[in-house]
Amino acid sequence: MNDTETLKVSRRGMSETHRPRRILRRIGAVAAGLLAVIILSLGTDVVMHATGIYPPWFQPMAGGLWVLALTYRIVYGIAGGYIAARLAPNRPMAHAVALGFVGLALSIAGVAANWNKGPEYGPRWFGLVLIATALPCAWLGGKLRVMQLRSGAGG
């Protein structure tokens, strides 16, 4: 075996050894982005209810308050996409978009589960806008990370 063949064998063995860790890092990056979106969204909801900005849980809210809830969910969706891209071992946009597809699926499930429930579960437009914005928000978060990497400030 010459030096080139030895190098190929050692690289192959190394990549096979590190493959499970890389897969876990990929899953972890998307999961971290998802958890950030969920924790930030629910945490903000709790604060809004506790401070009286929102009415008590499961009471109807005015349309403007749903716009407010949508606004911070969009910001958090972008942040989640950024986090997934930032933690990705490679291909940051692919991880951000993967998070977008997870968000899309969860949004569709949420709308389906609550479609015929009362106004205390929110207006139908709210869920539909969450569906429509899941992918673009995650994509934008990933794009911000890619731009950061290109500028050399991405560490």
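**Entry 1: Ala36.** I began with Ala36, which I found in helix H1, the run of residues 3–50, and I kept in mind that I was reading a predicted model. Its relative accessible area is 18%, so Ala36 counts as buried, given that buried means under 20%. I then looked up how Ala36 sits relative to Tyr76, and noted that their C-alpha atoms are separated by 7.7 Å although the two residues are 40 apart along the chain.

**Entry 2: Asp45.** I stayed in helix H1 and turned to Asp45, which also lies there. At 7% relative accessibility, Asp45 counts as buried. I asked myself which side chain is joined to that of Asp45 by a polar contact. The partner I found is Tyr72, and the contact is 2.3 Å. Leaving aside residues up to four places away in sequence, I listed Tyr54, Trp57, Tyr72 and Arg73 as the residues that Asp45 touches.

**Entry 3: His49.** I next placed His49, again in helix H1, and wrote it down as buried because its relative accessibility is 16%, which falls under 20%. A polar atom of the His49 side chain lies 2.5 Å from the backbone oxygen of Pro55. With residues up to four places away in sequence left out, the contacts of His49 are Tyr54, Pro55, Pro56 and Trp57.

**Entry 4: Trp57.** Since Trp57 appeared among the contacts of Asp45 and among those of His49, I looked it up separately, and found it in the loop between H1 and H2. Is Trp57 buried or partly exposed? At 43% relative accessibility, I had to record Trp57 as partly exposed. I also noted that Trp57, together with Val46, Phe58 and Tyr121, makes a nonpolar surface patch of about 420 Å².

**Entry 5: helix H2.** I followed the chain into helix H2, residues 63–87, and compared its length with expectation: its 25 residues reach 36 Å from first C-alpha to last, close to the 36 Å expected at 1.5 Å a residue. Among the buried residues of H2 I marked Tyr72, Arg73 and Tyr76, and I recalled that Tyr72 and Arg73 are touched by Asp45, while Tyr76 was the residue I had paired with Ala36. The buried set of H2 also includes Gly77, Gly80, Gly81, Ala84 and Ala85.

**Entry 6: helix H3.** I closed with helix H3, residues 92–114, where the 23 residues should span 33 Å at 1.5 Å a residue, and the end C-alpha atoms are indeed 33 Å apart, which agrees. The buried residues I listed for H3 are Pro92, His95, Ala96, Leu99, Gly100, Gly103, Leu104, Ser107 and Val111. Beside that list I wrote a reminder that an α-helix has 3.6 residues a turn, so residues three or four places apart point the same way.

Key. Residues are numbered from 1 along each chain as its sequence is written. This is a predicted model: local features need pLDDT of at least 70, side-chain atom pairs count only at pLDDT 80 or more; totals for chains, interfaces and linings use all residues. Side-chain values use heavy atoms; hydrogens and water are left out. Helices (H or I, at least four residues) and strands (E, at least two) are DSSP runs, numbered from the N terminus. The expected span of a helix is 1.5 Å times one less than its number of residues. Buried means under 20% relative accessible area, exposed over 50%, partly exposed in between (1.4 Å probe, protein chains only). A polar contact is a pair of N or O atoms within 3.5 Å; within protein, one must be able to donate a hydrogen and the other to accept it, and residues adjacent in sequence count only if both atoms are side-chain atoms. Contact means heavy atoms within 4.5 Å. Patches are made of residues with over 30% relative accessible area and no salt bridge: like charges are joined within 9 Å, nonpolar side chains (Val, Leu, Ile, Met, Phe, Trp, Tyr) within 5 Å. Accessible areas come from the Shrake-Rupley method with a 1.4 Å probe; for residues, only the protein chains shown count as cover. A salt bridge is a side-chain nitrogen of Lys or Arg within 4 Å of a carboxyl oxygen of Asp or Glu.
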